[in-house]
Amino acid sequence: MGEWPYPFWIAHRGAGKLAPENTLAALRVGAAHGWRAFECDVKLAADGVPFLLHDATLERTTPEQGVAAQRPWSELSRLDAGGWHSRGFAGEPPASLAAIAGYCLRNGFALNIEIKPTPGAEADTGRVVADEAARLWAGAETPPLLSSFRPDALAAALAAQPSLPRALLLDTWRDGWFDEAMALGCVAVVCNCTILDAAALARIHAAGMRVLCYTVNDPAAAHRLVGLGVDGIISDAVDRFSPLDASVRD
């Protein structure tokens with residue numbers, strides 16, 4: 001990609017602890033704390049509309065139950081995705097990828113889209129999310145970074161929109177991860193902060209990829225990663241870290 005276009009600090013699911021995760025409200029709260037880059041989870045409604053939700057099911061973050069992907073966006077868009085968090089966010093609706101794109105583009109914010117397919121819909125989700133991201137960010141200076149734990153979803157994104165940057169998400173250094181990242185043309189590896197050491201960082205950097213870490217909420221962990229030379233930190237602690245100068249508040 002040449003020069004890395006994304007801010008160092010990335011707010012996890014928006015400000016996913018201070019506000020209901022994966023909503024426009026969460027991004028607004030993160031922005032109010034000075035954050036200029038956000039991560040969100042995107043899957044498909046029954047009618048193929050990409051929208052934000054981490055879980056496959058609805059019960060943790062809405063009053064409803066069941067598999068979200070079995071409902072059309074016309075139903076999902078009317079749910080309360082904020083009341084579970086606190087009274088002040090009651091009535092906050094789920095967010096479509098289109099709404100998030102509009103907010104980020106209007107404000108010059110960067111976005112890391114985690115492709116979070118409902119099990120069994122990996123290829124369709126990767127393809128549709130990539131196509132929609134390419135459409136929504138057409139002509140934008142900084143395209144969204146597409147990441148996923150599912151190589152099959154990233155492969156579908158690559159086939160659909162090869163010009164969009166991709167990153168492989170890893171919770172462990174499982175067998176074959178490096179070859180997968182290379183075969184998928186990834187520009188970055190996004191790994192669990194607890195598994196990264198200097199050797200892994202050097203190997204990824206030597207291959208021309210960047211290294212981002214999640215979910216870093218402890219200042220001591222952030223200090224360690226900054227010292228190692230990571231390229232980005234994904235955090236819930238939007239009120240504890242200072243994103244404008246890439247420093248860590250003790």
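**Note on salt bridges, core and cavities**

Let me start with one residue: glutamate 122 is buried, with a relative accessible area of 11% (buried means under 20% relative accessible area, exposed over 50%, and partly exposed in between, using a 1.4 Å probe and protein chains only).

Please keep in mind that this is a predicted model, in which local features need pLDDT of at least 70 and side-chain atom pairs count only at pLDDT 80 or more, while totals for chains, interfaces and linings use all residues. Residues are numbered from 1 along each chain as its sequence is written, and side-chain values use heavy atoms, with hydrogens and water left out.

1. **Around glutamate 122.** This residue is found in helix H4 (helices, H or I with at least four residues, and strands, E with at least two, are DSSP runs numbered from the N terminus). Leaving aside neighbours within four places in sequence, glutamate 122 is in contact with Pro117, Arg150, Asp152 and Ala153, where contact means heavy atoms within 4.5 Å. Its C-alpha atom and that of serine 148 are separated by 9.9 Å, with the two positions 26 residues apart along the chain counted as their spacing. A polar atom of the glutamate 122 side chain lies 3.2 Å from the backbone nitrogen of glycine 120.

2. **Its partner, arginine 150.** The side chains of arginine 150 and glutamate 122 meet in a salt bridge, 3.1 Å from N to O (a side-chain nitrogen of Lys or Arg within 4 Å of a carboxyl oxygen of Asp or Glu). This pair links distant parts of the chain, 28 residues apart: arginine 150 sits in the loop between strand E5 (145-148) and helix H5 (151-160), and glutamate 122 in helix H4 (residues 122-136). Unlike the buried glutamate, arginine 150 is partly exposed, at a relative accessible area of 35%.

3. **A pair within helix H4.** Aspartate 124 forms a salt bridge with arginine 127, the closest N and O atoms being 3.4 Å apart. Why can these two meet? They are 3 residues apart in helix H4, so about one helical turn separates aspartate 124 and arginine 127. Aspartate 124 counts as partly exposed at 43% relative accessibility, and arginine 127 is partly exposed too, with 37%.

4. **A buried pair.** By the rule above, the count comes to 12 salt bridges. One of them joins aspartate 41 and arginine 13, with the closest N and O atoms 3.7 Å apart. Aspartate 41 lies in strand E2 (residues 37-44) and arginine 13 in the loop between strand E1 (9-11) and helix H1 (24-32), so that distant parts of the chain, 28 residues apart, are linked. Both residues of this pair, aspartate 41 and arginine 13, are buried.

5. **Nonpolar cores.** In soluble globular proteins, nonpolar side chains tend to be buried together. Here the largest nonpolar core has 63 residues, of which Leu111, Ile113, Leu196 and Cys213 touch the most other members (a core is a set of buried Ala, Val, Leu, Ile, Met, Phe, Trp, Tyr and Cys residues joined through side-chain atoms within 4.5 Å). A second, separate core of 14 residues includes Ala110, Leu169, Ala188 and Val190.6. **Cavities.** The structure holds 2 cavities of 30 Å³ or more. On a 1 Å grid over the protein atoms alone, a cavity is a set of points where a 1.4 Å probe fits but cannot get out, and lining residues have an atom within 4 Å of a point. About 100 Å³ of space lies in the largest cavity, a volume being the space filled by probe spheres set on the points. Of the 15 residues that line this cavity, Leu52, Leu53, Thr61, Ala81 and Pro94 are the closest to its centre.

Technical notes: Polar contact = N/O pair within 3.5 Å; in protein donor to acceptor, adjacent residues only side chain to side chain. 1 Å grid on protein atoms, 1.4 Å probe; cavity = no way out; pocket = protein on both sides within 12 Å on 5 of 7 lines; lining within 4 Å.
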